[in-house]
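Welcome! Here is a guided walk through a protein model for someone meeting it for the first time.

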Amino acid sequence: MPPNSPSRNKAIVIEAFETLFNRRDIEGAKRFWSPDYIQHSALVPAGREGLFSTIQNAPGLRYEHRLAVAEGDCVMIHGRFSQFGQAANWIVVDICRLQDGVLVEHWDVIQDEVGQAGSAGGYPMFGEAFPPTASSTASQTDQAKAIVRAFYDGAARGRITEFADRLSDNFELFVPHSLPWGGRFDKAGYVALLPGVARALDFTRLDYLSLVGEGGHVVALIEIGVQGTARTIVISEHWDIADSKAVRLRVAYFDPGALLDQLARKPDA
């Protein structure tokens, strides 16, 4: 693929959006966005830092794309943003201009996604199906929360590795790099990691501070014991569930000092 060709530019934009919106990898995203990035959107503050801060302030955000077209140095990508705290998903056409393989300028056109009752033409705005109704979303949320609870309940019974059956083949885990096991993991990597997590964290001393969800996205705020100590830490875990399988988990630790102190004493944890 020739450098800076329309096909190459399209691939760059798709990977850039995946890196920032779904993986939430700000450092990784910096290689795709120019420091001099020009933002024309009415909803996003100026520059790439304005974009990055917007994404950091929407922890549950999910992005999907269906179509991307490129001409010259511009790429248009048709996508859907969901799980970001609004009453309706957004259907967006993002228009990006690239220079030397990085995004340098951006425009967008945004519409609220409607269900079948709100569609004059009778066809979905995105994909092949209308978004779920409120009642079906509530049912989906209950199912997703039950799957997340099954993980913690199994871990408390010493059966944490059995949760592997509830992981999608495309499962992804994102853990802060401040921890010894920090990084991005696929399904096999996560399953290999689970015994070490159980040696470090005492799931028998787990309390739910909150467990909330919308559709297939569940946020668990938990307080959990540190093995070998009387101390606890607070963890926020963001789960994405689809087709009764966990497809993505993003983890944030609040003041993990107690855990890091104990791991320093147990290098094999």
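The report below looks at two helices, some charged pairs, two loop residues and a surface patch. Please keep in mind that this is a predicted model.

**Helix 1 and its end**

Let us begin with helix 1, which covers residues 6–22. Its 17 residues should span 24 Å at 1.5 Å a residue, and the end C-alpha atoms are indeed 24 Å apart. Several of its residues are buried, among them Ile 12, Val 13, Ala 16, Phe 17, Leu 20 and Phe 21. The buried set also includes polar residues such as Asn 9 and Thr 19.

Asn 22 belongs to helix 1 as well. It counts as buried because its relative accessible area is 3%, and the cut-off for buried is under 20%. The side chain of Asn 22 is joined to that of Glu 18 by a polar contact of 2.9 Å. As general background, an α-helix has 3.6 residues a turn, so residues three or four places apart point the same way.

Just after helix 1 comes Arg 24, which takes a positive phi of about 55°.

**Helix 5 and the tryptophan beside it in the account**

Next, turn to helix 5, made of residues 187–200. This helix has 14 residues and reaches 20 Å from its first C-alpha to its last, close to the 20 Å expected. There is a bend of about 35° at Leu 194, and a proline, Pro 195, follows within four residues. Leu 194 is also one of the buried residues of helix 5, along with Tyr 190, Leu 193, Gly 196, Val 197 and Ala 200.

What caps the N-terminal end of helix 5? That role falls to Asp 186, with a side-chain oxygen 3.3 Å from the backbone nitrogen of Ala 188.

Trp 181 sits in the loop between strand 6 (167–175) and strand 7 (183–186). Is Trp 181 buried or exposed? With a relative accessible area of 9%, Trp 181 is buried. The C-alpha atom of Trp 181 is separated by 7.8 Å from that of Leu 193, although the two residues are 12 apart along the chain. Leu 193, as noted, is a buried residue of helix 5.

**Charged pairs**

Side chains of opposite charge can pair when their charged atoms come close. How many salt bridges does the model hold? The count comes to 13. The table shows some of them, with the distance between N and O atoms.

| Acidic residue | Basic residue | N to O distance |
|---|---|---|
| Glu 27 | Lys 30 | 3.0 Å |
| Glu 49 | Arg 48 | 3.7 Å |
| Asp 202 | Arg 205 | 3.0 Å |

The partners in these pairs can be set side by side by how much of each is accessible. Glu 27 is exposed, at 57% relative accessible area, while Lys 30 is partly exposed, at 30%. In the pair of Arg 48 and Glu 49, Arg 48 is buried at 15%, whereas Glu 49 is partly exposed at 48%. For the third row, Asp 202 is buried at 13%, and Arg 205 is partly exposed at 29%.

Beyond these pairs, there is a network of salt bridges that links Glu 172, Arg 184, Asp 240, Arg 248 and Arg 250.

**Two loop residues with positive phi**

Two further stops are in loops between strands. Asp 100 lies between strand 4 (90–99) and strand 5 (102–112). Its phi is near 55°, a positive value in a residue other than glycine. Asp 100 is exposed, because its relative accessible area is 64% and exposed means over 50%.

Ser 244 lies in the loop between strand 10 (232–242) and strand 11 (245–254). Ser 244 is not a glycine, yet its phi is positive, at about 65°. At 44% relative accessibility, Ser 244 counts as partly exposed.

**A nonpolar patch**

Our last stop is on the surface. Which residues form a nonpolar patch there? They are Leu 67, Val 69 and Met 76, which together have about 250 Å² of accessible area. Val 69 is found in strand 2, residues 62–71. With a relative accessible area of 38%, Val 69 is partly exposed.

Key
Residues numbered from 1 in each chain as written. Predicted model: local features only at pLDDT ≥ 70, side-chain atom pairs only at ≥ 80, totals over all residues. Heavy atoms only, no water. Patch = residues over 30% accessible without salt bridge, like charges linked within 9 Å, V, L, I, M, F, W, Y side chains within 5 Å. Areas by Shrake-Rupley, 256 points an atom, 1.4 Å probe, with all protein chains shown as cover. Salt bridge = Lys/Arg side-chain N within 4 Å of Asp/Glu carboxyl O. Buried < 20%, exposed > 50% of the residue type's maximum accessible area, 1.4 Å probe, protein only. Expected span 1.5 Å × (residues − 1). Bend = angle between axes of the 7 residues up to and from the residue. Polar contact = N/O pair within 3.5 Å; in protein donor to acceptor, adjacent residues only side chain to side chain.
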